[in-house]
Amino acid sequence: MLRSLLLASFLVGIASVAVAAPAPAPAPAPTSVAPVAKHPGDAAAGRLMVFTCHGCHGIPGYRNAYPNYPVPKIAGQHYDYLVAALNGYRDGQRTPPTMTMNIQARSLSEQDIRNIAAYLSSIRK
């Protein structure tokens, strides 16, 4: 009889712990939808910021005098490339032949960079 009482109280104790314990969270259902990308920026705002860029990058065939290198066209360039390049210049990870790009990029916020890239990438080549 004592053994039955002990077993019964043990089972009641286990049952109360099982009821009080929260159920494990279900695993998230797999989804085939890609995550939403960050907003690329405001092309209209970027258009107002690129006048300085045009002085070198907007002249067909322009070459820097010293050191002598061709200045690439950036109009129509891919958005992600422009963002990566400007971040690299701003953070000192990308070194151009002159310090001009590093100095220009240091004044840009992350939103400025996205706006400029949105505008430049929208231009038809």
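The following exercises, each with a worked solution, concern the fold, salt bridges and pockets of a predicted model.

Residues are numbered from 1 along each chain as its sequence is written, and side-chain values use heavy atoms, with hydrogens and water left out. Because the model is predicted, local features need pLDDT of at least 70 and side-chain atom pairs count only at pLDDT 80 or more, while totals for chains, interfaces and linings use all residues.

**Exercise 1. Overall description**

Determine the secondary-structure elements of the chain and their order, and characterise its burial, contacts and surface.

Solution.

Step 1. Helices (H or I, at least four residues) and strands (E, at least two) are taken as DSSP runs, numbered from the N terminus. The chain has six helices and two strands. Read from the N terminus, their order is α-α-α-β-β-α-α-α.

Step 2. A residue is buried under 20% relative accessible area, exposed over 50% and partly exposed in between, with a 1.4 Å probe and protein chains only. Of the chain's 125 residues, 24% count as buried.

Step 3. A contact means heavy atoms within 4.5 Å. Taking contacts between residues at least 6 apart in sequence, 63% join residues at least 24 apart.

Step 4. Accessible areas come from the Shrake-Rupley method with a 1.4 Å probe; for residues, only the protein chains shown count as cover. The accessible surface of the chain is about 9400 Å², and 65% of this belongs to carbon and sulfur atoms.

**Exercise 2. The salt-bridge network**

Identify which residues are linked in a network of salt bridges, and state how each is placed.

Solution.

Step 1. The criterion is a side-chain nitrogen of Lys or Arg within 4 Å of a carboxyl oxygen of Asp or Glu. Side chains of opposite charge can pair when their charged atoms come close. The rule yields three salt bridges.

Step 2. Arg90 pairs with Asp91, with the closest N and O atoms 3.3 Å apart. Arg90 is partly exposed at 21% relative accessibility, and Asp91 is partly exposed at 46%.

Step 3. Arg90 also forms a salt bridge with Glu110, at 3.4 Å from N to O. This pair links distant parts of the chain, since Arg90 belongs to helix α4 (residues 79-91) and Glu110 to helix α6 (residues 110-122), 20 residues apart. Glu110 has a relative accessibility of 31% and therefore counts as partly exposed.

Step 4. Glu110 meets Arg114 in a salt bridge with an N to O distance of 3.9 Å. Both residues lie in helix α6, four residues apart, or about one turn of the helix. Arg114 is buried, because its relative accessible area is 17%.

Step 5. Taken together, Arg90, Asp91, Glu110 and Arg114 are linked in a network of salt bridges.

**Exercise 3. Two pockets**

Give the volume of the largest pocket and of the second largest pocket, and describe the lining of each by class.

Solution.

Step 1. On a 1 Å grid over the protein atoms alone, a pocket is an open set of points where a 1.4 Å probe fits, with protein on both sides within 12 Å along at least five of seven lines; lining residues have an atom within 4 Å of a point. Grid points are joined across faces, edges and corners, and a volume is the space filled by probe spheres set on the points.

Step 2. The largest pocket holds about 650 Å³ of space. Its lining comprises 31 residues, with Cys53, His57, Ile74, Tyr89 and Met101 nearest the centre. Elements giving two or more residues to this lining are α3 (51-57), β2 (69-70), α4, α5 (100-106) and α6. The largest share, five residues, comes from α4.

Step 3. For classes, Ala, Val, Leu, Ile, Met, Phe, Trp, Tyr, Cys and Pro count as nonpolar, Asp, Glu, Lys and Arg as charged, and the others, Gly among them, as polar. The lining of the largest pocket divides into 21 nonpolar, eight polar and two charged residues.

Step 4. The second largest pocket contains about 210 Å³ of space. It is lined by 13 residues, of which Val50, His54, Tyr119, Leu120 and Ile123 are the closest to its centre. Helix α3 supplies the largest share of this lining, four residues. By class, the lining of the second largest pocket has eight nonpolar, three polar and two charged residues.

**Exercise 4. A residue in helix α6**

Establish whether Asn115 is buried or exposed, and list the residues that it touches.

Solution.

Step 1. Asn115 is located in helix α6. Its relative accessible area is 7%, so Asn115 is buried.

Step 2. Leaving aside residues up to four places away in sequence, Asn115 touches Pro40, Gly41, Asp42, Ala43, Ala45 and Gly46.
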